[in-house]
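Colleague: Please pick one strand in this model and look at it closely for me, then carry on to the ligands.

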Amino acid sequence: MIYTHDGYQITRHVCPRNCYDTCGILAYVRKGLLEKVTGDPEHGYTSGKLCSKGQTYVRRVYSPERIRYPMRQIGRGSGQWERLTWEQAMAIICEKILDIKDRYHSTLPLCLNKYSGNFGILHNAVEGMFNSLGPTTQARGSPCWSAGLDAQLYDLGRNVNSDPQEMEKAGLIILWGVNPAWTAIHSLPYIYRAQDHGAKVIVIDPIYTQTARKANCFVQINPGEDGALALAIAKKLFESGRIDQNFIDCHTVGWQQFREYLVELDIDYLAGQCGQRLETIKELASMMASSGPVYIWAGFGMQRHINGGQSLRAIDALAAMTGNIGVAGGGVQYAHQMTWGFNYHFLNSPSGARYININEFAQGLKRLNDPPVKLLWVSCRNLVTQDVSGSILTKELDKLELIVTVEQFLTPTARYSDIVLPATTQFEELDVVPSYWHHWIGLNEQAIPPLFDAKSDLEIAQLLAKTLNQYREGSSSFPVDKSHADFLDDEFNDRMYALLGINHWSDLAAGPRRAAVPRTAWEDKCFATNSGKFEFFSIKARENNLAALPEYKAGIAPSSKYPYWLITSHAQQGLNSQFLNIETLLKYSEQIVFINPQTAAMKGVVTGKQIRVYNSLGAITLKACISHDTPPDILVCHQGWRPGEEMRLNDLNAGLPSDMGDISTGSKGVAFYDVFVDFEIV
Ligand SMILES: Nc1nc2c(c(=O)[nH]1)N[C@H]1C(S)=C(S)[C@@H](COP(=O)(O)OP(=O)(O)OC[C@H]3O[C@@H](n4cnc5c(=O)[nH]c(N)nc54)[C@H](O)[C@@H]3O)O[C@H]1N2
Ligand SMILES: Nc1nc2c(c(=O)[nH]1)N[C@H]1C(S)=C(S)[C@@H](COP(=O)(O)OP(=O)(O)OC[C@H]3O[C@@H](n4cnc5c(=O)[nH]c(N)nc54)[C@H](O)[C@@H]3O)O[C@H]1N2
Ligand code: SF4
Ligand SMILES: [Mo]
């Protein structure tokens, strides 16, 4: 698996962050030291390139800030840490687990909160270990993509997408609430190539983003009003007969009802709602009708609103009525789960588990009393900065008897814990990592031994299971003697091997493989809905108390008390709360709020001024930057965590639920971008 070249041992890796791109990486090790990383040229989508965050990996691995040893905090939040051995840490945790079990005659007071720090499949060991303890309490759902996933399940039946490379074949690309120039940079070459072939690119976003700068046409939409825009365009196309009747007749159900609905719609009202002139809608309709295949990339950003799922259903309907589904270079691309068909044997059975919506975690902790949660295990998460309702959350955390966080850095969540356990990076462990955007899967080899006392989430799960059983036989059924490789053997199956065209996962050492899934999603037009067709009218949606049709559902608008939106979209140099603590990225380490010049002038704010941004939930102080990129009624502040930063953007976020998410992830999504504030000079 490892070969040498110029004195280096070169190993293959995958960036396991929650990122569209899931890049292939090569690591260069000499004399046991990781000296450099590059992109893996064998990766067909990321083609040997890494983003600025990926370029920091050597510094991240050897960062002086890394947690080196298990540690106990004397007084939660005190900052007084004492080093423990693994044996001591495990003893404290196991004694507490058994004590709780005895007092409550139940394992339900044990709670797990895990999400997206590392998407490697062996990290599912954490859930597996927890499930092996008996019925526990677990955070379920996603802060990220649930509403959009459900929308496409209603319309299409499965979460499937086309190969991003298909963009090259598009006549028109619509980047709808997505900012790939920051969040998925490896998609840009395909967009540029399409432009070279004559394709036009439209960006639909409330903010004039870096992606918008690359477009031929920018539509500055009112937040949460994508449904209004999609339906207005749909009405225009329908009225002028520019629809694909053949596709509609052969491959859809519910057209009759949708058509009747379109007839009733008031286009002036819809245009007003989304903040567009009728001419713009007319122009967008004619671009859609005259440009060849239309490739719509519906981003996660557009669905972070109370009506996010319904808005995506309207976009899907627009694509379907114009025959833009199942055609090369067309479709509505959101995210896929086609290459995640592992066995998940080690998850064990979560039977009897009690769930808390991950987006209402604080409220869930507060609500559950019979029995209450007493121990929290946090893994691959920085919930204190990333979750909504931050201030309620910390109050609820205060009531817990033990918080254990498995981490690489002393994040605000780790600092809120009693015990931190040091986690390895992807260069110190074996794994396999799929993507939710492209169709490549890569092997993540081990390049170097774990630093200091770090262990992988899998090893930690095994150590906990083993120690618990030493204390009390039969406490955990999690397999303790298997290696990472044994677990990969268990996780792969014939279907995954056939999909990747390999006999064994270790064949991936020769390079990442593209799964043999269709490059064009739905090319056979056999949809996975109950009807087997694209469903304009979804009985399933109606059964779930949602509109059966992709009807217009208005977003919410600012009030006179809190007249500005606060949009906290994803940062260029951070990956959620990660990376801004790494030396080379520290120069981006100041939290800035971008304000339209007109708005700023009204309050006498100039660039560099500290302003207090507030609403009924709290207040935070930020440095202002005047920017023409944001409209007068929106403040923009990119999410992220910087060391030493106590202020948290999500303290201002009530975490309104979005409309969908239960069927794909077990809980509704969250309207991260429906936040309203006012501000003043400090
Ligand atoms: N550099 C970087 N890359 C990342 C991440 C990161 O933090 N940094 N995070 C990763 C993760 S976890 C995710 S989920 C993805 C997210 O990446 P994207 O899918 O690009 O999503 P966001 O950044 O949330 O928002 C994208 C755009 O949606 C716009 N937007 C907000 N509200 C609306 C609306 O109502 N309508 C429309 N049309 N647009 C709207 C925002 O202004 C923003 O420019 O990126 C991944 N990649
Ligand atoms: N205001 C606002 N808030 C948001 C969003 C937004 O747009 N605006 N976006 C939301 C979205 S889309 C998402 S996906 C969430 C993401 O929220 P989280 O899933 O909490 O993701 P991260 O912030 O990346 O934090 C993951 C943590 O895992 C740690 N980690 C990395 N590798 C490992 C490992 O191998 N083992 C362990 N145990 N830990 C590891 C990292 O050091 C990091 O601290 O945030 C959400 N929060
Ligand atoms: S953060 Fe995203 S783009 Fe950057 S290296 Fe990782 S997967 Fe690639
Ligand atoms: Mo996300």
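**Strand β7 and the ligand shells**

Modeller: Let's take β7, which two bridges join to strand β8 (residues 137-140), the two running parallel. Pairing needs at least two bridges found by DSSP between two strands. The elements themselves are DSSP runs numbered from the N terminus: helices are H or I with at least four residues, strands E with at least two. Before going on, keep in mind that this is a predicted model, where local features need pLDDT of at least 70 and side-chain atom pairs count only at pLDDT 80 or more, while totals for chains, interfaces and linings use all residues, and side-chain values use heavy atoms, with hydrogens and water left out. As for labels, residues are numbered from 1 along each chain as its sequence is written, and chains are lettered from A and ligands numbered from 1 in the order in which they are written.

Back to the β8 side: Cys 111 of β7 stands opposite Thr 137 there. Going from β7 to β8, the chain passes through helix α3 (residues 125-132), and this β-α-β crossover is right-handed. Right-handed says that, with the strands pointing away from the viewer, the path from the first strand over the helix to the second runs clockwise. β7 also pairs with strand β16 (residues 375-379), again in parallel, through five bridges. Cys 111 turns up there too, with Leu 376 as its bridge partner in β16.

How covered is β7 itself? Five of the five residues in this strand (110-114) are buried, where buried is under 20% relative accessible area, exposed is over 50% and partly exposed is in between (1.4 Å probe, protein chains only). Both faces are covered: Leu 110, Leu 112 and Lys 114 are buried on one side, Cys 111 and Asn 113 on the other.

Now the ligands. Ligand 2 has 32 residues around it, and the closest are Ser 116, Glu 407, Asp 457, Ser 577 and Asn 650; a residue counts as near if one of its heavy atoms lies within 4 Å. By class, that shell has nine nonpolar, 18 polar and five charged residues. In this scheme Ala, Val, Leu, Ile, Met, Phe, Trp, Tyr, Cys and Pro are nonpolar, Asp, Glu, Lys and Arg are charged, and the others, Gly among them, are polar. Among the atom pairs, an oxygen of ligand 2 sits 2.5 Å from an N or O atom in the side chain of Ser 577, and a nitrogen of ligand 2 is 3.2 Å from a polar backbone atom of Cys 380. The protein covers 99% of the 920 Å² of accessible area that ligand 2 has on its own, with areas from the Shrake-Rupley method and a 1.4 Å probe.

Ligand 1 has 34 residues around it, with Tyr 20, Asp 205, Gly 224, Gly 574 and Tyr 673 coming nearest. Those 34 divide into 16 nonpolar, 14 polar and four charged. An oxygen of ligand 1 is 2.6 Å from an N or O atom in the side chain of Tyr 673, and a nitrogen of ligand 1 is 2.7 Å from a polar backbone atom of Ala 571. The protein covers 99% of the 910 Å² that ligand 1 has accessible on its own. The elements giving two or more residues to this shell are α5 (180-183) and β10 (200-205).

Finally, ligand 3 is surrounded by residues including Cys 15, Cys 19, Cys 23, Cys 51 and His 186.

Technical notes:
A polar contact is a pair of N or O atoms within 3.5 Å; within protein, one must be able to donate a hydrogen and the other to accept it, and residues adjacent in sequence count only if both atoms are side-chain atoms.
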